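Dear colleague,

Please find below the structure that I am handing over to you, together with its sequence. My account of what was found in it follows.

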Amino acid sequence: MSTDKGRKKRDLILDKAKELFIQRGYAATSMEDLVQYIGVSKGSIYYHFKSKDDLFVQLLIRQNQEWINAWVEKSVDFPSFEEKVYGIADHMVDDFQNPLIKVGEEFYISNPENEELLEKILAIIREPRKLYRDIFAEGVKEGLVPEEELDDIAIVFASLLDGLVTSFYERSTDELRVLYKKAVKYFLQGVLHNHKD
């Protein structure tokens, strides 16, 4: 019972903290602000999270897991390898609408020398790469992707999608979808063409 109660309290803190971080930004939100907004004691927050940084990292981890879970549900709509590659790119564009993304960028910038946080952030970033690798592993099974290149192809694909994120500030969502689709097309042409040679 107490474990369930503790989990509910932790989820409440995360939910309310997310709202406040989105409203104010990471740097402008103090621990006192969180205490007042959430309506719990500082001790209650510190029971579940080591610091404001830890609380925010846990928010990012949860957000990342929700994105992954949403893809796993969606992926059944994309039966072939190539459809999945296009589908996951489109799924990434959908995530740009998440207001926590902008707060996350502010968080990354405000903690450049914290190696422990950097390692946690890198772990968050690596999680989607596992999905990309799984998708390209399907390409290996279909004989479209060279098995010996699987890991490198997944990393290059992740870098392509991550790099296109900078266009988020210059283009509408519809324009981003078109750009991501073109990027996937060019990428697949290179991978599939080189595999035939």
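A residue is called buried here when its relative accessible area is under 20%, exposed when that area is over 50%, and partly exposed in between. Asp54 has a relative accessibility of 9%, so it counts as buried. This charged residue lies in helix H4. Leaving out residues up to four places away in sequence, Asp54 touches His48, Phe49 and Lys120. Please bear in mind throughout that the model is predicted.

Overall architecture

The protein chain has nine helices and zero strands. Read from the N terminus, its elements therefore run α-α-α-α-α-α-α-α-α, each helix being a DSSP run. Along its principal axes, the C-alpha trace spans about 65 × 40 × 30 Å. The chain has 197 residues, and buried residues make up 41% of them. Among contacts with a separation of 6 or more, 68% are between residues 24 or more positions apart.

Helix packing

Two packed helices are described by the angle between their axes and the distance between the axes. Three pairs are set out here, beginning with the one that involves Asp54.

The axes of H4 and H7 come within 10 Å and cross at roughly 5°. Angles under 35 degrees count as roughly parallel, and H4 is therefore roughly parallel to H7. On the H4 side, the contact is made by Asp53, Asp54, Val57, Leu60, Ile61, Asn64, Trp67, Ile68 and Trp71. H7 contributes Leu117, Lys120, Ile124, Glu127, Pro128, Leu131, Tyr132 and Ile135. By class, these residues are 12 nonpolar, one polar and four charged. Asp54 and Lys120 both appear in this contact, and they also touch each other.

H5 and H7 have axes that come within 8 Å and cross at roughly 160°. Angles over 145 degrees count as roughly antiparallel, so H5 is roughly antiparallel to H7. Their crossing is left-handed. The residues of H5 that make the contact are Phe81, Lys84, Val85, Ile88 and Met92. Those of H7 are Leu131, Tyr132, Ile135, Phe136, Glu138 and Gly139. The contact of H5 with H7 divides into eight nonpolar, one polar and two charged residues.

The third pair is H4 (residues 52-74) and H6 (residues 100-110), whose axes come within 11 Å and cross at roughly 135°. The two helices are therefore oblique to each other. H4 passes H6 in a left-handed crossing. From H4, the contact draws on Asp53, Phe56, Val57, Leu59, Leu60 and Gln63, and from H6 on Leu100, Val103, Gly104, Phe107 and Tyr108. Eight of these residues are nonpolar, two are polar and one is charged.

Nonpolar cores

In soluble globular proteins, nonpolar side chains tend to be buried together. In this model, the largest nonpolar core has 31 residues. Which of its members touch the most other members? They are Phe81, Val85, Ile88, Tyr132, Phe136, Phe157 and Tyr180. At least two residues of this core come from each of H4, H5 (81-95), H7 (115-141), H8 (150-164) and H9 (173-196). H9 gives the most, with nine residues.

Phe157 may serve as an illustration. Leaving aside neighbours within four places in sequence, Phe157 is in contact with Val85, Ile88, Tyr132, Phe136, Val184 and Phe187. A second, separate core has 24 residues, including Tyr26, Leu55, Leu60 and Phe107. Leu60 and Phe107 also take part in the contact of H4 with H6.

Two further residues

Where in the chain does Asn98 sit? Asn98 is placed in the loop between H5 and H6. With a relative accessible area of 12%, Asn98 is buried. From C-alpha to C-alpha, Asn98 and Lys182 are 23 Å apart in space, and they are 84 residues apart in sequence.

Asp90 is found in helix H5. Its relative accessibility is 32%, so Asp90 counts as partly exposed. Asp90 and Leu144 are 54 residues apart in sequence, with 21 Å between their C-alpha atoms.

With kind regards

Terms used
Residues numbered from 1 in each chain as written. Predicted model: local features only at pLDDT ≥ 70, side-chain atom pairs only at ≥ 80, totals over all residues. Heavy atoms only, no water. Axes fitted to C-alpha atoms, helices over the stretch in contact; angles between N-to-C directions. Helix = DSSP H or I, 4+ residues; strand = E, 2+ residues; numbered from the N terminus. Parallel < 35°, antiparallel > 145°, perpendicular 65-115°, else oblique. Left-handed = near helix turned anticlockwise from the far one by under 90°. Contact = heavy atoms within 4.5 Å. Core = buried A, V, L, I, M, F, W, Y, C linked by side-chain atoms within 4.5 Å. Buried < 20%, exposed > 50% of the residue type's maximum accessible area, 1.4 Å probe, protein only.
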